[in-house]
Amino acid sequence: MALAFYNTLTGKKETFESLEPRVVRMYNCGPTVYNRAHIGNFRAYLFADTLRRWLECSGFEVRQVMNITDVGHLLDDADDGEDKIEAQAKREKRDPWEISRGHTETFMKDLAALGCEPAFVYPKASEHIPEMLEMIDGLVAKGFAYQVGEDVYFEVKKFPRYGRLSGNTVDSLAAGSRIEVREEKRHPADFALWKSDAHHIMKWESRYGQHGFPGWHIECSAMARKHLGDKIDIHTGGEDNIFPHHESEIAQSECFTGQPFATFWMHTKFLQVDGGKMSKSLGNVYSIDDIRAKGFEPRHLRFCLLRGHYRQPLNFTWPILAESKAALENLDDLAARLRRAQGGQGAAASADDGLEEVADAMDEFRAAMDDDLNTPRAIAALMKLRTHAIEERLGSMAAAQGLKFLENTANKVLGCIRVAEETLDDEIESAIAARQDARKRRDFKESDRIRDELLAQGIVLEDTPKGVIWKRKS
RNA sequence: GGCGGCAUAGCCAAGUGGUAAGGCAGUGGAUUGCAAAUCCACCAUCCCCGGUUCAAAUCCGGGUGCCGCCUCCA
């Protein structure tokens, strides 16, 4: 089956074809760095990482760009035109630049902890003001935008397709608008490309005035264009970005270049916590540190998020995370079992036994991922393979193939299974041997003492008819 | 008020016309010096009502509930 993704723009699953053979240009809407990213944010960024990884597994070179919005994300369209970072800075009585710098650093660390591969570029909005102004000037020159005082607005009526992505129409937006209508705007849905405010700290000079700063949407259009070109293959974001952010990006970019902007628009559903929206007042806005503080590893969260399809609502609770951890450890176990079977331990009699089972699992995994990144289905395929391994139906050759697949494909995309061969230091090796001696002597008091001691060091022992197996407790 | 999504076992979650994947947890039994792991068995008719069809979790209509966007949010 061919690689296919659900495209918000068309409302259908479509076969994926890149503009340039073997190359994918992908832009991911990244964070606005005014506070610490929470696990809900990471659902979207992890999706972008998964998509990138699967495209790479499918043989594409992926030019992945994830923006860092460090200026210009307006709190609202009201007269004061405050942006989120400045507002946060005011609250904390700190310098806005310092705020965005600090959160950017933390964001990078969190991404790495979650096992996300670094994008090729993380462009910052504040470093692309000239590119934004170039587009704004162009839009004004072409008549798609107009200046009022020192502000510039995009005129949505000039772009008939405005609303196509979100299903809104310009008229319905006007009718049901909760936006405070500003007199100076020609249409309530017109949005700011450039704002001016003398009190703003993060501001730039332009032909429109001395104290300007960009509107929220323009930075993505400008940075995508700068780093990927006028046309890109995929643009991702959270479902909340569909309107107005991505709708507005399309309008700006397409009016400026005269070409279609992105072929595929892909959006992640919100993560729910405790069955509802996470909120500060409920105290369930969790960060990666909260995950650690509860004794979990970031990879457990990664797996927890991958257990749900990105376009389905997904709920997060601590018991669900614990459940995910248990399930993930079974995949760690799959890797260990395949490795042992590869060496003949617990393998089927004939080396090529089970080749078909392994091939089936591989096919199912690939088919699931090709089908709009269906990670839950892909994970199920691995679990089935584990059943075969447990039943000792895989010969050494089949096990070797399965292990190779797990290492080079399945975990290349899931990115959270422990597939590496683990070794023990001599000290522990000899402790295990000593315990075996004690057991032979039926000195169970001593053997249990050693087992407890090893457990305290994170080593779990299992006595099978064929000998002792150890694994690391996570 | 406008637009959209979702509703599958105790929990998580696949499945879009042919008699319900997978995981976690649980119960009973086996195995074990004990434990762990493993094995066997048990554990859903798919929110409700109506319709279409030989056949529906899957299509249509009507409810109910939850979530999201339209204002900052991934």
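# A guided tour of salt bridges, domains and cavities

Begin by selecting Lys-158 and Glu-155, whose side chains meet in a salt bridge with an N to O distance of 3.3 Å. The model on display is a predicted one. Colour the two residues separately and consider their surroundings. Lys-158 is partly exposed, its relative accessible area being 39%. Glu-155, by contrast, is buried, because its relative accessible area is 10% and buried means under 20%. Side chains of opposite charge can pair when their charged atoms come close.

Next, display the whole of chain A and colour it by domain. Domain 1 covers 4-268, domain 2 covers 317-414 and domain 3 covers 426-472. Taken over C-alpha atoms, the centres of domain 1 and domain 3 are 57 Å apart.

Now select helix H15, residues 444-456. Which side chain meets that of Asp-448 in a salt bridge? The partner is Arg-451, at 3.5 Å from N to O. The two residues lie about one helical turn from each other, because they are three residues apart in H15. Asp-448 is partly exposed, at 31% relative accessible area, and Arg-451 is also partly exposed, at 32%.

Move on to Lys-471 and Glu-462. Their side chains form a salt bridge of 3.2 Å, N to O. Lys-471 counts as partly exposed at 29% relative accessibility, and Glu-462 counts as partly exposed at 29%. Keep both residues selected and add Asp-333, Arg-337 and Arg-386: these five residues are linked in a network of salt bridges. Across the whole structure, a search finds 40 salt bridges.

The last stop concerns empty space inside the model. Rolling a probe the size of a water molecule over the atoms shows where empty space is left. How many cavities of 30 Å³ or more does a search of the whole structure find? There are four, and the largest cavity has a volume of about 120 Å³.

To see its walls, select Arg-43, Leu-46, Phe-47, Thr-50, Leu-305, Leu-306, Gly-308, His-309, Tyr-310, Leu-373 and Thr-375, which line the largest cavity. Two elements each give two or more residues to this lining: helix H1 (39-57) and helix H9 (298-306). The largest share, four residues, comes from H1. Finally, colour the lining by class: six residues are nonpolar, four are polar and one is charged.

Definitions and conventions. Residues numbered from 1 in each chain as written. Chains lettered and ligands numbered in written order. Predicted model: local features only at pLDDT ≥ 70, side-chain atom pairs only at ≥ 80, totals over all residues. Heavy atoms only, no water. 1 Å grid on protein atoms, 1.4 Å probe; cavity = no way out; pocket = protein on both sides within 12 Å on 5 of 7 lines; lining within 4 Å. Points joined across faces, edges and corners; volume = space filled by probe spheres on them. Nonpolar A, V, L, I, M, F, W, Y, C, P; charged D, E, K, R; others polar. Domains from an automatic or database assignment. Salt bridge = Lys/Arg side-chain N within 4 Å of Asp/Glu carboxyl O. Buried < 20%, exposed > 50% of the residue type's maximum accessible area, 1.4 Å probe, protein only.
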